[in-house]
Structures are given as structure tokens and as C-alpha cells.
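Reader: I would be grateful for a close look at the nonpolar core of this protein. Please set out how the chain is arranged before turning to that part.

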Amino acid sequence: MYSENAKALDQAGATLIANTATQEGTDVSGFYNVECRDAEGNLKWSEMIKNTVVTQGKNNMLDTYFAGISYTAAWYMGLVDGASTPSYSAGDTLLTHSGWTESTAYTGNRAAVTWNVASGGSKVTNAIAFNINATATIAGALMCTVASGSSGVLYSVGNFTGGSRAVASGDTLNVTYTTTLT
């Protein structure tokens, strides 16, 4: 008699797909908020400026934080002239920036900045008051490490979102800056 035997074979399989490398990135960005008030304190206009954090500013941040090189807590804010249409490059520095000029239509040097305590990955300056002493067109603002001259570090620069704005002698521009690491 013929007999046929069969054996049951069980098979099981499992696959695990896992991300073996954690990827994390950091982006530094910022913006200026500007309000213009006339000589009587009336609000004339307000604008936001999305800025370019230039390579020199990013490198300074990295060198300062990770290597302790040339740390300064002194930061200054200035205004960008709007007589022409400024253009910015990541390679801009205080010494070399062919696409724009700095405005001098305010009293004194660049204004010293004080910072609030960081929160939620952001840091905000106290309001800076620029007392305008001429009829001019302002395109935007800048942040750097020196009160005057071109020897310091340029951190950021940018234009008003809605285009250059007119100012008159006696106006005050109140400016704050927010920088964020995401």
C-alpha cells in the first residue's frame, strides 16, 4: 500500500524599518517691526521687515557659541537708505555690500540694542528709537556689532515688506528685532 506523508511547515516573517540616523537642522531667521510716529507722536505707518541673516552673521554666531571666539554682547541697529532699491546678498558685510547703502537720516550713530531673555527659541530686542533729522526714504534696517564704521560684523539686513517708506524731520522710527532658531 502506498502512503503519502505531508508535514506542515510554519513560516513567519517580520520586517522592521527604522530610521537609523537622527537628522536635525537649525535655521536662523528674524524680522524687524518698525513704526513711524510724527513729531506729535501720531502713528504714520508701521511695517515688518523679513531680513537676511548674512553668512558673516551666521559664522559669527557659530564661532562665538561653539569656540568662544570674539564674543561681544554689544549689538547695534541702523537703517537702510531707500533712495534706490536695495538688494542684499548672503555675502554682504559692513565693509562690502554693493547692493545697498546705510541711511544717516537720524541723530547719532547706530543705536545700541538691549535684548530680552530668550523664550521659545526666540530673542527680542527692546524698542530702539531713531530720531529722524531729515526728509528721506528708508528701505529697511540692519543689525551689527559696531556703533559706527565698517569694521564690525554684519548680522542681518532687510527691506520693508511693502517697499521703501518716506520719513520727515521730527519723525521717530521705533524698531524691534526678533531672531529665532528653529
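Author: **The nonpolar core and its surroundings**

From the N terminus on, the elements follow the order β-β-β-α-β-β-β-β-β-β-β-β, where helices (H or I, at least four residues) and strands (E, at least two) are DSSP runs numbered from the N terminus. The model is predicted: local features need pLDDT of at least 70, side-chain atom pairs count only at pLDDT 80 or more, and totals for chains, interfaces and linings use all residues. Residues are numbered from 1 along each chain as its sequence is written, and side-chain values use heavy atoms, with hydrogens and water left out.

Of the 182 residues, 36% are buried (under 20% relative accessible area, with exposed over 50% and partly exposed in between; 1.4 Å probe, protein chains only). The largest nonpolar core (buried Ala, Val, Leu, Ile, Met, Phe, Trp, Tyr and Cys residues joined through side-chain atoms within 4.5 Å) has 27 residues, of which Tyr32, Val34, Met77, Phe130, Met143, Val167 and Leu173 touch the most other members. Two or more residues of this core come from each of β1 (28-37), β2 (43-50), β4 (76-81), β7 (128-131), β8 (136-144) and β11 (172-181). A second, separate core has eleven residues, including Val80, Leu94, Leu142 and Cys144.

Beyond its neighbours within four places in sequence, Met77 is in contact (heavy atoms within 4.5 Å) with residues including Tyr32, Tyr106, Arg110, Phe130, Leu142, Met143 and Tyr177. Among contacts in the protein between residues at least 6 apart in sequence, 74% join residues at least 24 apart.

By contrast, Tyr65 lies in helix α1 (residues 55-67) and counts as exposed because its relative accessibility is 65%.
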